[in-house]
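User: I keep meeting structural labels without knowing what earns them. Please take me through some, setting each one against its definition.

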2 protein chains.
Amino acid sequence: MNRAIVQAPMSGGPSTPALAAAVSDAGGLGFLAAGYRTVEQLVEDLAETRRLTAEPFGVNVFAHRSDPADVTEFARSAGLDPATARWSDDEYDAKLALLAEDPPAVVSFTFGLPDPLPSLPSQVWVTVTGVEEARAAAAAGADALVVQGFEAGGHRGAWVDREGRDDIGTLALLALVRAAVDVPLIATGGIADGAGIAAVLAAGASAAMLGTAFLLCPEAATVPAHREAIATERPTGLTRAFTGRLARGIDNAWMRAHRDAPIGYPELHYLTARLRAEARAAGDADRFNLWAGQAHALARAVPAAELVRLLADETRAALEDARGRSASALPAPTTAKSET
Amino acid sequence: MNRAIVQAPMSGGPSTPALAAAVSDAGGLGFLAAGYRTVEQLVEDLAETRRLTAEPFGVNVFAHRSDPADVTEFARSAGLDPATARWSDDEYDAKLALLAEDPPAVVSFTFGLPDPLPSLPSQVWVTVTGVEEARAAAAAGADALVVQGFEAGGHRGAWVDREGRDDIGTLALLALVRAAVDVPLIATGGIADGAGIAAVLAAGASAAMLGTAFLLCPEAATVPAHREAIATERPTGLTRAFTGRLARGIDNAWMRAHRDAPIGYPELHYLTARLRAEARAAGDADRFNLWAGQAHALARAVPAAELVRLLADETRAALEDARGRSASALPAPTTAKSET
């Protein structure tokens with residue numbers, strides 16, 4: 001899949017067939033987010049995307065495991081109905097069967113490494129947030145790894161969500177993973193513009209995956225209150241207060257009120273679903289998840305195809321510029337072999 | 001100061017005149033760390049560095065403010081003598097007077113923005129960790145900004161250390177700062193090799209500053225137990241347990257035992273000084289600060305001059321390679337003006 005600009009799948013609303021198709025048509029790689037969609041909705045999304053473009057695109061699937069989670073106490077303290085908390089595998093098996101039958105160019109997994117990693121007609125990508133995950137995914141046969149740095153918006157793709165972990169920034173993670181495995185890497189997290197794409201390509205990535213950068217495109221189904229927050233310089237933070245799984249969003253009242261929200265995914269996701277849906281509809285930006293990466297203030301409200309072309313031009317210019325500047329700012333090339 | 005490879009000042013031991021001189025002699029920019037040195041020691045360090053090299057080098061100075069800090073309770077719980085906790089401005093005025101008289105090529109500040117920013121014969125750089133700090137430093141007349149991302153080892157250069165802040169990764173921070181100010185930027189945090197240097201140059205930085213990458217050089221005064229930890233894949237974390245100021249180090253028993261250490265710099269630094277000195281001497285890696293950036297496992301134990309040349313070669317290769325790969329992986333250049 002030789003496309004350097006990849007649109008990140010953004011489950012829970014923003015990703016649409018129109019966005020994926022526009023990105024792919026412009027020479028990027030668009031992604032559908034199968035997460036939280038029913039199988040019937042995914043069938044429709046696939047058909048709609050294929051209707052809009054003949055170009056390759058990807059589909060992202062959640063691969064989380066069952067962990068014991070008790071969110072009753074949190075539900076009570078947050079004033080939510082504990083009965084709405086439930087576990088779900090997000091219809092993993094049915095979605096995989098559908099994608100095997102009607103394969104997109106790429107199927108990517110997040111939240112875990114399926115065991116065994118399915119053999120599909122598609123390229124299979126696995127999201128990793130650390131070196132151990134990268135080694136395991138490469139050993140399992142992943143065609144490429146999505147290397148998600150600390151800066152990234154939305155859920156951390158880590159396979160196990162645990163307290164006190166210290167996620168690694170995109171630049172450092174890319175270097176560590178590149179030294180550890182020998183598969184193509186797609187870098188994601190904090191990439192806002194073509195200079196950022198140029199940066200991860202220079203750091204050895206085969207492609208850059210951008211999510212937040214596409215959130216203001218008209219093709220994205222980002223709700224107005226979310227768009228408004230993206231366009232500010234408000235800080236982001238990591239939180240479990242919306243879904244029970246660590247995710248990065250623009251700081252708001254719900255996050256501040258529930259800094260101690262427990263690990264409990266997807267139970268907590270379902271527990272807060274109604275609250276969030278109502279807040280979205282009401283434009284109450286303090287009570288739903290404003291997922292965004294750390295560079296969200298740089299997102300541009302332009303059509304997705306235009307954004308892809310702009311990013312490509314910026315990437316080329318950034319690499320040329322760096323090459324020119326480095327010529328005079330680096331010590332001269334070593335001509336002899338190293339002397340030690 | 002047109003040198004793309006900068007050696008980060010590393011106070012508290014590792015930085016030496018020999019390291020700074022070797023880096024500068026090889027075409028990088030070496031740095032002395034004035035922090036924790038007496039004025040007399042700094043005089044000696046400057047003389048020794050000038051004896052070793054005629055090339056430009058920099059000196060880093062602490063510019064922290066006085067904050068009310070009570071570390072008595074921490075001292076008691078940690079079994080340390082509260083009487084050893086004290087405040088100090090690290091002889092700021094005397095050091096500045098010395099540097100004004102005997103100016104290095106660059107004087108950089110960390111932990112704060114001096115008010116007013118001193119007018120020196122040297123270039124004046126200010127360390128920033130966020131967009132607001134960047135705007136303030138540029139407005140105050142800094143010649144360049146050291147943009148320190150979340151990945152960086154050692155102390156966070158933030159001007160105010162506060163609970164619950166969410167630091168920004170190097171790649172995202174560089175993009176945000178570049179959009180906010182119009183001064184040269186030196187990127188630091190998570191840069192382990194030439195590919196990382198190429199990455200930040202592509203992202204718009206004028207130079208890359210590497211600290212951990214130099215910790216295993218024979219010219220660095222890194223103690224053996226610290227060197228051993230650097231060469232492992234052990235995770236890093238942010239802690240205040242050694243100095244009362246947030247810093248990144250390789251996780252060890254002291255950090256785990258004091259996750260709740262208070263903000264109280266430099267009182268806590270002096271409080272733990274003896275403990276750390278004894279642990280260093282005894283090779284007890286669980287009781288002193290193993291400062292390291294997130295990509296520490298990639299540090300190479302080679303002489304500093306060789307490392308600088310190697311980094312330069314890798315940087316050139318990474319930029320060439322990215323340029324080549326991007327030619328086929330990006331959509332073709334837009335020839336017409338954007339249509340919107």
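Analyst: Happy to! Let's start where the chains meet: the contact takes 67 residues from chain A and 67 residues from chain B. Two residues are "in contact" if their C-beta atoms, placed from the backbone, lie within 7 Å. On the side of chain A that touches chain B, α6 (170-180), α7, β10 (236-239) and α11 (304-329) of chain A each supply at least two residues. This is a predicted model, where local features need pLDDT of at least 70, side-chain atom pairs count only at pLDDT 80 or more, and totals for chains, interfaces and linings use all residues. Residues are numbered from 1 along each chain as its sequence is written, while chains are lettered from A and ligands numbered from 1 in the order in which they are written.

User: Which element gives the most to the side of chain A that touches chain B? And how many residues of that side are nonpolar, polar and charged?

Analyst: α11(A) gives the most, with 15 residues. The division is 37 nonpolar, 19 polar and eleven charged. Here Ala, Val, Leu, Ile, Met, Phe, Trp, Tyr, Cys and Pro count as nonpolar, Asp, Glu, Lys and Arg as charged, and the others, Gly among them, as polar. As for names such as α11, helices (H or I, at least four residues) and strands (E, at least two) are DSSP runs, numbered from the N terminus.

User: What relates chain A to chain B, and why does that relation have a name?

Analyst: A rotation of 180 degrees, with 0.0 Å of shift along its axis, superposes chain A on chain B with an RMSD of 0.0 Å. That is the relation of a two-fold axis. In chain A, A:A199 has the C-alpha nearest the axis, 1.9 Å from it. Both copies use the same surface, as 100% of the contact residues of chain A recur in chain B. The superposition is by least squares on the C-alpha atoms of residues with pLDDT of at least 70 in both copies.

User: Why is α6(A) called largely enclosed by the rest of the structure?

Analyst: The test is a neighbour count: a residue is buried if 20 or more other C-beta atoms lie within 10 Å of its own, exposed if 12 or fewer, and partly exposed in between. In α6(A), nine of the eleven residues are buried, so this helix earns the description. Among the buried ones are A:L171, A:L174 and A:R178.

User: What makes A:R227 count as partly exposed?

Analyst: A:R227 has 16 C-beta neighbours inside 10 Å, so it counts as partly exposed. This residue lies in helix α8 (residues 224-230) of chain A. Leaving aside its neighbours within four places in sequence, A:R227 is in contact with A:L216 and A:T222.

User: What is the strand order of the open sheet in chain A, and why are some strands at its edges?

Analyst: The eight strands run β1-β9-β8-β6-β5-β4-β3-β2, with parallel pairing. At the edges stand β1 and β2 (30-33) of chain A, each with a single partner strand, so one side of each has no neighbour in the sheet. From one strand to the next, the twist averages 25 degrees.

User: How many bridges join β8 to β9 in chain A?

Analyst: Three bridges join strand β8 (residues 185-188) to β9(A), and the strands run parallel. Two strands pair if DSSP finds at least two bridges between them, so three is enough. One bridge partnership is A:A187 with A:A208. Strand β1 (residues 5-7) of chain A also pairs with β9(A) over three bridges, and there A:Q7 is partnered by A:L210. At the other edge, β2(A) and β3 (residues 57-62) pair over four bridges, with A:A33 opposite A:N60.

User: What covers or leaves open the two faces of β9(A)?

Analyst: Both faces of strand β9 (residues 207-210) are covered: A:A207 and A:M209 on one side, and A:A208 and A:L210 on the other, are all buried. In a regular strand the side chains alternate between the two faces of the sheet.

User: Which hand does the β-α-β unit of β8(A), α7 and β9(A) have?

Analyst: It is right-handed, with helix α7 (residues 194-202) linking the two strands. A crossover is right-handed if, with the strands pointing away from the viewer, the path from the first strand over the helix to the second runs clockwise.

User: Where do helices lie across this sheet?

Analyst: α6(A) lies across β5 (123-128), β6 (144-148) and β8 of chain A, at about 165 degrees to β8(A). Helix α1 (residues 17-25) lies across β1, β2 and β3 of chain A, at about 160 degrees to β2(A). Axes are lines fitted to C-alpha atoms, for helices over the stretch in contact, and angles run from 0 to 180 degrees between N-to-C directions.
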